[in-house]
Amino acid sequence: MGKKELAALFSSNPERYYKVSLFDKMGFMRKKCSKCEKFFWTLDIARDFCPDHENYGFIGKPPTNKRLDYVNAWKETEKFFRANDHEVVRRYPVVCRWREDLYFTIASIVDFQRVVGNQVVFELPANPLVVPQMCLRFNDIENVGLSGRHYTGFCMIGQTCNADAPGGYWKDKCIDLDFGMLTKGLGIKAEDITFVEDVWMGAGAFGYSLEYFARGLELGNAVFTEFEGNENDYRVMPNKIIDMGAGLERFSWITMGTPTSYDCCFGPVVGKLVDMTGTDTDHEVLTKYFESISLKLDDKTGGSGSSNSIRDLKSLIAKEMKISEEQLSAFVAPYEAIYTISDHIRTLVFAISDGALPSNVGGGYNLRVILRRALSILERLGWKNIIRVEDMAELHIDYLRRMYPELEDHREDVKTILQLEASRYSNSRERMNSVAMSLKSSKKTKELNVEDLIRLYESDGVTPDFLMEQGIIQNVPSTFYTKLAELHTSQVSSQASKPIPGLVDLPSTKLLYYQDESIRHFHAKVLKVVEDKYIILDQTAFYPRGGGQEPDTGQIEDIKVVEVTKQADVVVHKIEGGGRIPAKEQTVHGTVNARRRDLITKHHTATHVLNSSSRNALGSWVWQNSAFKEEGYGRLDITHHSALTREEVKKIERMANWVIRENHPVIIKTYDRGDAEQQFSFRIYQGGVVPTSNVRIVNINGWDIEACGGTHVKTTGEIGLVKIVKSERIQDGVVRLEFVAGEAAVSYMQQLDSQLASIAQTLGSSREKVIQSFDKAMQDAEAAKKKLRAMLRVVSGPIAKSISEQAKRLDSGIHLYTIYDEELDDDYHIAIGEKAIELDKHLVYLALLSKGQGIRVIVFAGEAACKKVKASAIAKQVSGKLGGSGGGDNRFGQGGGKSKDRIKEALLLAEEVAR
Ligand SMILES: [Zn+2]
Ligand SMILES: [Zn+2]
């Protein structure tokens, strides 16, 4: 049974599923759409079709006397639901840190969904509640800015409750409230409201729903999630969920009746851009055009069933308006551009505020796509000096802070990132230009298709807007952005290691390291031994590999424990042969390698300290990307836009060591997950999602608060010292910090110190004066070289003369001199070679020099000699013989190779060539 059958099933019993008390009270009639056969509820006797086939009747004539801009539409909604006993919850981040399967929050209900095992569970922080949830979606990018109502970022008002928990209610009250919101809150007349029967299917749960419309515009959808399971095997949920989602953009739009929803939802932003760019304004044309677009874009009665693309519609509308298509496009295009960039920058404001970075990987990909799209549009319309993206971000924040005050805290961060990305984009234009040039010159007759364009974007960052600007393509294919987004929307789940058989029936291991982290000796009962290699105990103090922390080692009785892992809730100790393997039921004594555990624990806790230090030193976009902690060192990968400067590394290091010296207590407490999220925010998920309803919160005195299952010191002072030994940008948007802590840091410093001491000794200096001594040694070396060159000039004459005399007289008239030299270097042979061919014009001078693992080849040919054989040819052939390559010109050639065993052959070959 699919969605259609399910809808038919629910609609076959409207009394049970769809009829709510409001319909009786108000006299709503149930009707079947004459065009698409959907069922709907209306007060209008004459009406016989559902709102899907209705023109937007509110543009220019809104069905209410209230005029609510975006923020005020929310204020009105908030007031209404608060007066009706709903708790108003602050929005959740748009970056969905609590779900592994999503990069971004795509609907209000996602806020309250947690995945436990394979199941989605609902966790509501209040009941009932309402939330103004910003959502990001990248599946409709090409309609954004063009259709009048599509966005990459929009606010979904979520009215949510658990029907079976205290404070909860079910469909009668839900629809009463929504109807009240529309009529009293927004002031829409009851006759203008239509409810349409529909179904909703989610992961592991589904239900029926009533969508509500006014004058053809869908405003919201109240979903009654009553069943769990799938459509073929389901039962009523013990905690039924009301999930009403309404578009705040729609609420505002219906009261304002502007040509597009963009005109009223970005506050003053659109108006300012129209002014700044000097865009032509004619409200009548705008209204007519967007009215037609909105109607025709959705027209499902068009016959073929395929939805119309906006470009096709344009020519149709131009005809209807009796103007040329060019005229219409010229008028509409700047508006489309303004709407598009307004949307894109607003989305970026939220995403960056919530810690995301535009990049080439993961969720950051789509952020870079829309930012580059906005920048290309600005460039294409010649606006790049009029509008700066960071100024647009400020306009958005100025307007939205009444509703989302937290944006103010991230104003500078957002500007920093946008500036940086804009300058990266303008730097990349040089490369884009050269790609464009080669496309133009190759002038393939075939048009570039969507796949070609995607390849160009992925490999060279060339956006289709740029190609349009260059006149290489006429327009951006309507599926380009959608296809691109599809390539980068799903998260990849990590793969599990190979399971050990026969553990499913075992009880969960009691984890002594959580009861008391200081336990190093313990007794336990053997539950099972697998393949004489794995021991399972009823309890253990061995920390298993997990969360980037390396496992403990030690002993069980006299057997070595070399690896510890956790499989589901069972801890598995891998042992190495040698001792007597204990029997089942036997009580054994376990010993954890204390020194190893302590060192790992220090590195682990240092990761927390460094993570927060990095965020404080660099910016709020810094999150832990991954981490690894061993005995001897730790590694922390953080999200950051650029490679770190030496100064930044120092700053992080200073801050981390300050936190260590402050000796803050490390407080570990278990919380209900929902409470922890509310109290500490989603920052706790630095190490990823926690798949249990309880979370262990590691709190370094408010400095760093994370959900973490690892082992930690009791106070930061125990870490002693942390030293970053290396920082490296390992991928776009991710920087790796390698560090040492505690005794490992001391050893590292000592090692550096002794290296320094040995350098000083070699220089005949002290450690304090090593830099001066080094500089002096460099100067001395330079001076020695100069002296040598001067000496060479003096002696080169007599040496060259004797070389000419020693050279072999060949029949070809060439005088060949060859030498293999393990002592003297290039400087010497170049000076001598030059002098020798000056003296003897028939001379060919070939020197093979021993250099490290290889051989260097130098060839000179005198003026007469090089008419017979070129220096470059000899260099090439000899180097080839030595397993390398060479080249040069007639007079001078050079090269080299690695095969020292072929020196003789190489010299013989040279003689052959010269003959
Ligand atoms: Zn219909
Ligand atoms: Zn930790």
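**Zinc sites, salt bridges and local backbone features**

Asn663 is placed in the loop that runs between helix H21 (646–661) and strand E22 (666–672), where helices (H or I, at least four residues) and strands (E, at least two) are DSSP runs numbered from the N terminus. The structure is a predicted model, in which local features need pLDDT of at least 70 and side-chain atom pairs count only at pLDDT 80 or more, whereas totals for chains, interfaces and linings use all residues. Residues are numbered from 1 along each chain as its sequence is written, chains are lettered from A and ligands numbered from 1 in the order in which they are written, and side-chain values use heavy atoms, with hydrogens and water left out.

Asn663 has a phi near 55 degrees, a positive value in a residue other than glycine. With a relative accessible area of 39%, Asn663 is partly exposed; here buried means under 20% relative accessible area, exposed over 50%, and partly exposed in between (1.4 Å probe, protein chains only). A positive phi, of about 65 degrees, is also found at Asp85, which is not a glycine. Asp85 belongs to the loop between helix H4 (70–83) and strand E3 (87–88), and its relative accessible area of 65% makes it exposed.

A further backbone feature is the cis peptide bond that leads from Asn127 to Pro128, with omega near -10 degrees. Pro128 is located in the loop between strand E5 (119–122) and strand E6 (129–136). Both Asn127 and Pro128 are among the residues touched by Thr160, together with Ile109, Phe112, Leu124, Leu129, Ile241 and Ile242, when residues up to four places away in sequence are not counted (contact meaning heavy atoms within 4.5 Å). Thr160 itself is part of strand E7 (residues 153–162) and is buried, its relative accessible area being 0%. Although Phe112 and Thr160 are 48 residues apart along the chain, their C-alpha atoms are separated by 9.1 Å.

Two zinc sites are described next. The zinc ion (ligand 1) is coordinated at 2.1 to 2.3 Å by Cys33 (SG), Cys36 (SG), Cys50 (SG) and His53 (NE2), donors being N, O and S atoms within 2.8 Å of the metal (3.2 Å for Na, K and Ca), with water not among the atoms, so that sites may look incomplete. Along the chain, the donors of the zinc ion (ligand 1) follow the spacing C-x2-C-x13-C-x2-H. The arrangement is tetrahedral because the four donor atoms subtend angles of 95 to 116 degrees; four donors count as tetrahedral if all angles lie between 85 and 135 degrees. For reference, the ideal angle at a metal with four tetrahedral donors is 109.5 degrees. Of these ligating residues, Cys50 is buried at a relative accessible area of 1%, and His53 likewise counts as buried at 15%.

The protein donors of the zinc ion (ligand 2) are His604 (NE2), His608 (NE2), Cys708 (SG) and His712 (NE2), which lie 2.0 to 2.2 Å from the metal. The angles among these four donor atoms are 102 to 126 degrees, and the site is tetrahedral, while the spacing of the donors along the chain is H-x3-H-x99-C-x3-H. Because His608 lies in helix H20 (residues 594–618) and Cys708 in the loop between strand E24 (704–707) and strand E25 (722–731), the pair ties together parts that are 100 residues apart in sequence. His608 and Cys708 are both buried.

Across the whole structure, 58 salt bridges are found, a salt bridge being a side-chain nitrogen of Lys or Arg within 4 Å of a carboxyl oxygen of Asp or Glu. One of them joins Lys314 to Glu336, with the closest N and O atoms 2.9 Å apart. This pair links distant parts of the chain, since Lys314 is in helix H10 (residues 310–321) and Glu336 in helix H11 (residues 325–353), 22 residues apart. Lys314 is buried at 12% relative accessibility, as is Glu336 at 10%. In another salt bridge, the side chains of Arg856 and Asp826 meet at 2.5 Å, N to O, and this pair again links distant parts of the chain, with Arg856 in strand E30 (residues 854–861) and Asp826 in helix H25 (residues 826–839), 30 residues apart. Arg856 and Asp826 are both buried. The side chains of Arg729 and Asp732 also form a salt bridge (3.1 Å, N to O), in which Arg729 is partly exposed at 38% and Asp732 is buried at 17%. In addition, Glu394, Asp398, Arg401, Glu408, Arg411, Glu412 and Lys415 are linked in a network of salt bridges.

Technical notes
Four donors count as tetrahedral if all angles lie between 85 and 135 degrees; four count as square planar and six as octahedral if opposite donors are over 155 degrees apart and all others between 65 and 115; anything else is irregular.
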